[in-house]
Amino acid sequence: MGKRILVFVNEKTYSGFVAIVGKPNVGKSTLLNNLLGVKVAPISPRPQTTRKSVRGVLTEGNRQAVFVDTPGLHKPEDALGDYINEQVKEALSDVNLILWLVDLRHPPTEEDRMVARALRPLLGKVPIYLLGNKRDAAKYPESAMAAYAELLPGVEATRAISALDERDVGELRAEILALLPEGPFYFPPDFARSDQPFEEWIAEIIREEAMKRLFEEVPYSVAVRVEEVAERENGVLYVRATLFVEREAHKPIVIGKGGRKLKEIGRAARKQLEVFLNRKVYLDLAVKVYKNWRKDPEALRELGYR
Ligand SMILES: Nc1nc2c(ncn2[C@@H]2O[C@H](COP(=O)(O)OP(=O)(O)OP(=O)(O)O)[C@@H](O)[C@H]2O)c(=O)[nH]1
Ligand SMILES: [Mg+2]
C-alpha cells in the first residue's frame, strides 16, 4: 500500500450539492453516470427506471460536486409513487445548483409543468439550469427549448445538450465545478463515486436488465433484493437475489418459457457486473410474488425503499 498524501490541507476547497431533476425518462441517470464517468445509476428506455435518489461524488483537485440523481417526478398512483416524489422533494432541499432536464425531442407535457411548479418556489434562491437533453435526436430543438423556458421564467441558464455526448458533458462538468462555492469536502477526496451500498447497486443493475426485457406493466411490478453476497474460494463473487413481482400472473412472464427470460436477465446483469467489478460473478436469481408491494408502505420498506 502506498502512502496516502493529503494534498488540500492548506488549500481552499470548493464543494456543493447538485440535484438532477425532471420528468421520467429525460436522461437524468444517463447524465449522472456520464458526469461521473462511472455507472452508478440504472438506465432503461422505460420511464420511472430510477426509484431511489442516487448520490454521485465527483472530486477534481480542490473541487467536489455531489450530484443527486432523482426519480422522475410524476403523478403518484400508489405508495411507491408517493415515495418517489418524496425522494425528489428531499433532493431539492439544501442544494447549490439544480439541473432541470427536459426532452428536446418533444414539446412540454403536463409532467414537465408539474416539475416547473415544484421548482418555482426555489427561483432566486438556488440557480436553476434548464438543460434540453437529447438534442442529438431532436428535430426542432430551438422551438422546444423556448417552450420549456416559458414554463419557468427566470431560470438562470438554458442549454441544449446530449447526455450521450462526451463534449457536452465535459463542458457542463467543468462549468459546474467552477461555480461551486467555497466550503469543505463532504466526502474524502479518494471516496468511491457513490455512497450507495454495494448490495443496492447490484440490485439496481439486475432490475435495469429486467426492465429492459419486460413489457407493459410487468417492469414496474419488479423489485429486486440482494439476499447474499459471498466470496467463493475460486475468486468468484457469488450473488443471490430475489426478483419480487406484484402478481401471480407476472411470475411466469419474468421466468419465461423454460426459464429463458430469467436466464437472459441474469446473463446480461452478470456481464455488466463482471465488467464493472473486473471479476467473475455467479448470479443466483429467484422470482417470488409479493402481493401488491407497490401499494404497501411496509412492503416498500422491506424491499429497500425507505
Ligand atoms: N438520443 C438520446 N437518448 C438519450 C440521451 N440521454 C438519455 N437517453 C436515453 O433516454 C432513455 C432514458 O434515460 P435515463 O437516463 O434512464 O432517464 P431518466 O431521466 O433517468 O429516467 P427515470 O429514472 O425513469 O426518471 C435511455 O434509453 C437513454 O439511453 C441523449 O442525450 N440522447
Ligand atoms: Mg433515472
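**Note on a predicted two-domain model with one bound ligand**

1. Helix α1 has as its buried residues Lys 28, Ser 29, Thr 30, Leu 31, Leu 32, Asn 33, Asn 34, Leu 35 and Leu 36. That is 9 of the 9 residues of α1, so the helix is largely enclosed by the rest of the structure. The cover over these buried residues includes strands β1 (14–21), β2 (54–60), β3 (63–69) and β4 (97–103), together with helix α5. After α1 comes Gly 37, with a positive phi near 80°. The model is a predicted one, and these remarks should be read accordingly.

2. Helix α1 (residues 28–36) also matters for the ligand shell: with 3 residues, α1 gives the most to the surroundings of ligand 1. The shell holds 24 residues, and the closest are Gly 27, Ser 29, Thr 30, Thr 50 and Gly 72. Ser 29 and Thr 30 are also among the buried residues of α1. By class, the shell divides into 12 polar, 9 nonpolar and 3 charged residues.

3. On overall form, the protein chain has 10 helices and 9 strands. Its C-alpha trace spans about 55 × 55 × 35 Å along the principal axes. The radius of gyration is 20 Å, which agrees with the value near 19 Å for a compact globule of 306 residues. Of the 306 residues, 41% count as buried. Among contacts with a separation of 6 or more, 70% come from residues 24 or more positions apart.

4. The chain is divided into domain 1 (14–178) and domain 2 (198–302). Taken over C-alpha atoms, the centres of the two domains are 27 Å apart. Contact between them involves 12 residues of domain 1 and 14 residues of domain 2. The side of domain 1 that touches domain 2 has 6 nonpolar, 3 polar and 3 charged residues.

5. Which residues does Ile 161 contact, leaving aside its neighbours within four places in sequence? They are Leu 131, Gly 132, Asn 133, Arg 135, Asp 168 and Leu 172. Ile 161 lies in the loop between β6 (157–160) and α5 (166–178). Ile 161 counts as buried because it has 23 C-beta neighbours inside 10 Å, the cut-off being 20 or more. Lys 134 is 27 residues away along the chain, yet its C-alpha atom is 6.5 Å from that of Ile 161.

6. Helix α6 (residues 198–213) has 16 residues and reaches 23 Å from its first C-alpha to its last, close to the expected 22 Å. Its buried residues are Ile 202, Ala 203, Glu 204, Ile 205, Ile 206, Arg 207, Glu 208, Glu 209, Ala 210 and Met 211. Charged side chains are thus listed beside nonpolar ones, Glu 204 and Arg 207 among them. These buried residues pack against α7 (218–221), β7 (223–231), β8 (237–245), α8 (250–255) and α9 (260–277).

7. Val 239 is found in strand β8, one of the elements against which the buried residues of α6 pack. With 23 C-beta neighbours inside 10 Å, Val 239 counts as buried. Not counting residues up to four places away in sequence, Val 239 touches Ile 202, Val 226, Val 229, Val 281, Tyr 282, Leu 283 and Asp 284. Of these, Ile 202 is a buried residue of α6. Asp 284 is 45 residues from Val 239 in sequence, with the two C-alpha atoms 6.0 Å apart in space.

Notes: Residues are numbered from 1 along each chain as its sequence is written. Chains are lettered from A and ligands numbered from 1 in the order in which they are written. Domain bounds come from an automatic or database domain assignment. Two residues are in contact if their C-beta atoms, placed from the backbone, lie within 7 Å. A residue is near a molecule or strand if its C-beta atom, placed from the backbone, lies within 6 Å of it. Helices (H or I, at least four residues) and strands (E, at least two) are DSSP runs, numbered from the N terminus. The radius of gyration is taken over C-alpha atoms; the globule rule is 2.2 Å times the number of residues to the power 0.38. A residue is buried if 20 or more other C-beta atoms lie within 10 Å of its own, exposed if 12 or fewer, and partly exposed in between; C-beta atoms are placed from the backbone. The expected span of a helix is 1.5 Å times one less than its number of residues.
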